[in-house]
Amino acid sequence: MAASMSSLDFYFDYSSPFAYLAATQIERVAEEKNAVVNYKPFLLGALFKAIGTPMVPLFSFNAPKQKYYQRDMELWAQHWGVPLNQPSIFPMNTVKSL
């Protein structure tokens, strides 16, 4: 009897640079684990609103912490060999695209 594949739920919003970086790796991780990816779009802004978090939490951080997060994203992009470009509009409304 063939073993059934596991599934991996991937929650994302197009506005999140962290979700973008994860999206560049999720298929590889799933393949390594013999799993299929279930893409689960959700509205990150709605979640932030529901839990009382600023719409862009990064903007509420002090300058050194903002710089650290930016550098961390750049280093992960370099590590995985993927481009990391800031959108011209941020935050963006992703309701229709999701």
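This briefing walks through the fold, a buried serine, two salt bridges and a surface patch. The model is predicted, so please read each value as computed from that model. The protein has 98 residues, with 5 helices and 2 strands among its elements. Let's start with the whole and then zoom in on single residues.

**Overall build**

- Starting from the N terminus, the elements follow the order β-α-α-β-α-α-α.
- The radius of gyration of the protein is 16 Å, whereas a compact globule of 98 residues would have one near 13 Å.
- Along the principal axes, the C-alpha atoms fill a box of roughly 55 × 30 × 20 Å.
- How much of the protein counts as buried? The share is 20% of the 98 residues.
- About 7300 Å² of surface is accessible, and carbon and sulfur atoms hold 59% of that area.
- Among contacts with a separation of 6 or more, 69% join residues that are 24 or more positions apart.

**A buried serine: S16**

- Where does S16 sit along the chain? You can find S16 in the loop that links strand 1 (6-12) to helix 1 (17-23).
- Is S16 buried or exposed? S16 is buried, because its relative accessible area is 12% and the cut-off for buried is under 20%.
- The side chain of S16 has a polar atom 3.2 Å from the backbone nitrogen of F18.
- A polar atom of the S16 side chain also lies 3.0 Å from the backbone nitrogen of A19.
- S16 and M92 are 76 residues apart in sequence, yet their C-alpha atoms are 9.4 Å apart in space.

**Salt bridges**

- How many salt bridges does a search of the whole structure find? The search finds 2.
- One of them joins the side chains of E32 and R28, with an N to O distance of 2.9 Å.
- E32 and R28 both belong to helix 2 (residues 26-32), and they are about one helical turn from each other because 4 residues separate them.
- E32 counts as exposed because its relative accessibility is 53%, and exposed means over 50%.
- R28 is partly exposed, with a relative accessible area of 37%.
- Another salt bridge brings together the side chains of R71 and E74, at 3.4 Å from N to O.
- Helix 5 (residues 63-80) holds both R71 and E74, which are 3 residues apart, or about one turn of the helix.
- R71 counts as partly exposed at 40% relative accessibility, and E74 is partly exposed too, with a relative accessible area of 31%.

**A nonpolar patch on the surface**

- Which residues form the nonpolar patch on the surface? The patch is made of F59, I89, F90 and M92.
- Together, these four residues have about 380 Å² of accessible area.
- M92 is located in the segment after helix 5.
- M92 counts as partly exposed because its relative accessibility is 30%, which falls between the cut-offs of 20% and 50%.
- M92 also links back to the serine topic, since the C-alpha atoms of S16 and M92 are 9.4 Å apart.

Terms used. Residues are numbered from 1 along each chain as its sequence is written. This is a predicted model: local features need pLDDT of at least 70, side-chain atom pairs count only at pLDDT 80 or more; totals for chains, interfaces and linings use all residues. Side-chain values use heavy atoms; hydrogens and water are left out. Buried means under 20% relative accessible area, exposed over 50%, partly exposed in between (1.4 Å probe, protein chains only). A polar contact is a pair of N or O atoms within 3.5 Å; within protein, one must be able to donate a hydrogen and the other to accept it, and residues adjacent in sequence count only if both atoms are side-chain atoms. Patches are made of residues with over 30% relative accessible area and no salt bridge: like charges are joined within 9 Å, nonpolar side chains (Val, Leu, Ile, Met, Phe, Trp, Tyr) within 5 Å. Accessible areas come from the Shrake-Rupley method with a 1.4 Å probe; for residues, only the protein chains shown count as cover. The radius of gyration is taken over C-alpha atoms; the globule rule is 2.2 Å times the number of residues to the power 0.38. Contact means heavy atoms within 4.5 Å.
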